Amino acid sequence: MRTRYRVSVDNDRCRRFGICADEAAQLFRLTPSGGLRYQSAVPAEALAAVQAAVRSCPTLAISLEERR
Ligand code: SF4
């Protein structure tokens, strides 16, 4: 099935709080060195969790866009 949503993180805004990883561990994780890694393609089953991560990010660093 084709992925229709993608996320991106603005590294200038991200402060590595890790709230996104709490909300959507399928896509986001903090590394042991304090960086943020994420998968940009959003599987359909993870969409609700990613939307929660977008809402929860205190610096509004996460963008979610639909690809047609
Ligand atoms: S919640 Fe926002 S600021 Fe925190 S790690 Fe995730 S993207 Fe960065």
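**Exercise 1. Locate Thr-59 and classify its burial.**

Solution. Thr-59 is placed in the loop between helix 2 and strand 5. Helices (H or I, at least four residues) and strands (E, at least two) are DSSP runs, numbered from the N terminus. The model is a predicted one, in which local features need pLDDT of at least 70, side-chain atom pairs count only at pLDDT 80 or more, and totals for chains, interfaces and linings use all residues. Residues are numbered from 1 along each chain as its sequence is written, and side-chain values use heavy atoms, with hydrogens and water left out.

Next, the classes: buried means under 20% relative accessible area, exposed over 50%, and partly exposed in between (1.4 Å probe, protein chains only). Thr-59 has 18% relative accessibility, so Thr-59 counts as buried.

Last, the contacts, where contact means heavy atoms within 4.5 Å. With neighbours within four places in sequence left aside, Thr-59 is in contact with Arg-13, Cys-14, Arg-15 and Phe-17.

**Exercise 2. List the residues around the ligand and divide them into nonpolar, polar and charged.**

Solution. A residue is near a molecule if one of its heavy atoms lies within 4 Å of it. The residues around the ligand are Val-9, Cys-14, Arg-15, Arg-16, Phe-17, Gly-18, Ile-19, Cys-20, Leu-36, Cys-57, Thr-59 and Ile-62.

For the division, Ala, Val, Leu, Ile, Met, Phe, Trp, Tyr, Cys and Pro count as nonpolar, Asp, Glu, Lys and Arg as charged, and the others, Gly among them, as polar. The shell then holds 8 nonpolar, 2 polar and 2 charged residues.

**Exercise 3. State how the strands of the open sheet are ordered and paired.**

Solution. Two strands pair if DSSP finds at least two bridges between them. The open sheet is formed by 3 strands in the order 4-1-5, with antiparallel pairing. Its edge strands are strand 4 and strand 5, each pairing on one side only.

Take each pair in turn. Strand 1 pairs with strand 5 in the antiparallel sense over 5 bridges, and Val-9 stands opposite Ile-62 in strand 5. Strand 1 also pairs with strand 4 in the antiparallel sense, over 2 bridges; here Arg-6 stands opposite Ala-41 in strand 4.

**Exercise 4. Describe the surroundings of Arg-6.**

Solution. Arg-6 is placed in strand 1. Its relative accessible area is 30%, so Arg-6 is partly exposed. Apart from neighbours within four places in sequence, Arg-6 is in contact with Ser-40, Ala-41, Val-42, Ser-63, Leu-64, Glu-65 and Arg-67. Arg-29 is 23 residues from Arg-6 in sequence and 16 Å away in space, C-alpha to C-alpha.

**Exercise 5. Find which residues of helix 2 are buried and what covers them.**

Solution. Helix 2 spans residues 47-56, and Leu-47, Ala-49, Val-50, Ala-52 and Ala-53 are buried in it. The cover of these buried residues includes strand 1 (5-9), helix 1 (19-23), strand 2 (28-30), strand 4 (41-42) and strand 5 (62-66).

Consider Ala-52, which is in helix 2. Its relative accessible area is 12%, so Ala-52 is buried. Ala-52 and Gly-35 are 17 residues apart in sequence and 20 Å apart in space, C-alpha to C-alpha.

Then consider Asp-22, which is placed in helix 1. Asp-22 counts as exposed because its relative accessibility is 67%. The C-alpha atoms of Asp-22 and Ala-53 are separated by 8.0 Å, with the two positions 31 residues apart along the chain.

**Exercise 6. Give the phi values of Arg-16 and Leu-60, and place both residues.**

Solution. Most residues other than glycine have a negative phi. Arg-16, not a glycine, has a positive phi near 60°. Arg-16 lies in the loop between strand 1 and helix 1, and at 34% relative accessibility Arg-16 counts as partly exposed.

Leu-60 is not a glycine either, and its phi is positive at about 55°. Leu-60 is placed in the loop between helix 2 and strand 5. Its relative accessible area is 60%, so Leu-60 is exposed.
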